[in-house]
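Trainee: I am new to this structure. Could you walk me through it, one question at a time?

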Amino acid sequence: MTKVSMRVNGRPVSAEVEGRTLLVQFLREGLGLTGTHVGCDTAQCGACVVHVDGRATKACNVFAMDCDGAEVATIEGMAAPDGTLSPIQQAFQDHHGLQCGFCTPGMVMSAAALLDENPRPTEAEVREYLEGNICRCTGYHNIVKAILAASGQPVAVAAE
Ligand code: FES
Ligand code: FES
């Protein structure tokens, strides 16, 4: 067992973890932050995306011990303490960027990382950035619209 300490959504946490404990297990099972989903466990679907030191990271693809000292942000940290949605979350709601919602935490965290890096992405840049996030419901169109809207860009009315 190895002791790890990190900040998760601004809160300092420490725990003993096994070397094989994945960050996603640590978040979900250790901290009860089950908003980070597991869709594949093989770094393909993006449901588990969180931020590690500001970078979008698939939490099923990194060991918890390798995040010692890191600043981790999860979907639970996106809304304000009073429950007010972040602008990206609100845009997903406004533009129907989700159906079953399973992919949504990862989509929102990827979108947040994208807009941090590139505050006014083109539609092509949004689609390229989301290559690692799979959604089986929406066809992606409304997700892309939501992210463009969240970036403050006009969103063309298009066929749903
Ligand atoms: S659960 Fe991590 S990419 Fe699918
Ligand atoms: S909304 Fe169902 S997987 Fe994306």
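Mentor: Happily! Let us start with a cut-off: a residue is buried if 20 or more other C-beta atoms lie within 10 Å of its own, and exposed if 12 or fewer do. Keep in mind that this is a predicted model.

Trainee: Does Cys60 count as buried or exposed?

Mentor: Cys60 sits in the loop between strand E4 (55-58) and strand E5 (71-73). Among the residues it touches, leaving out those up to four places away in sequence, are Leu22, Val24 and Cys48. Cys60 has 23 C-beta neighbours inside 10 Å, and the cut-off is 20, so Cys60 counts as buried.

Trainee: How are helices H2 and H5 oriented to each other?

Mentor: Helix H2 (residues 87-94) and helix H5 (residues 141-150) pack with their axes 8 Å apart, at an angle of about 135°. Angles over 145 degrees would count as roughly antiparallel, and 65 to 115 as roughly perpendicular. The angle of H2 and H5 fits neither range, so the two helices are oblique.

Trainee: Which element gives the largest share of the side of domain 1 that touches domain 2?

Mentor: The chain is divided into domain 1 (2-76) and domain 2 (87-150). Their contact takes 16 residues from domain 1 and 12 residues from domain 2. On the domain 1 side, the elements giving two or more residues are strand E3 (49-52) and E4. The largest share, three residues, comes from E3.

Definitions and conventions: Residues numbered from 1 in each chain as written. Chains lettered and ligands numbered in written order. Predicted model: local features only at pLDDT ≥ 70, side-chain atom pairs only at ≥ 80, totals over all residues. Helix = DSSP H or I, 4+ residues; strand = E, 2+ residues; numbered from the N terminus. Contact = placed C-beta atoms within 7 Å. Axes fitted to C-alpha atoms, helices over the stretch in contact; angles between N-to-C directions. Parallel < 35°, antiparallel > 145°, perpendicular 65-115°, else oblique. Domains from an automatic or database assignment.
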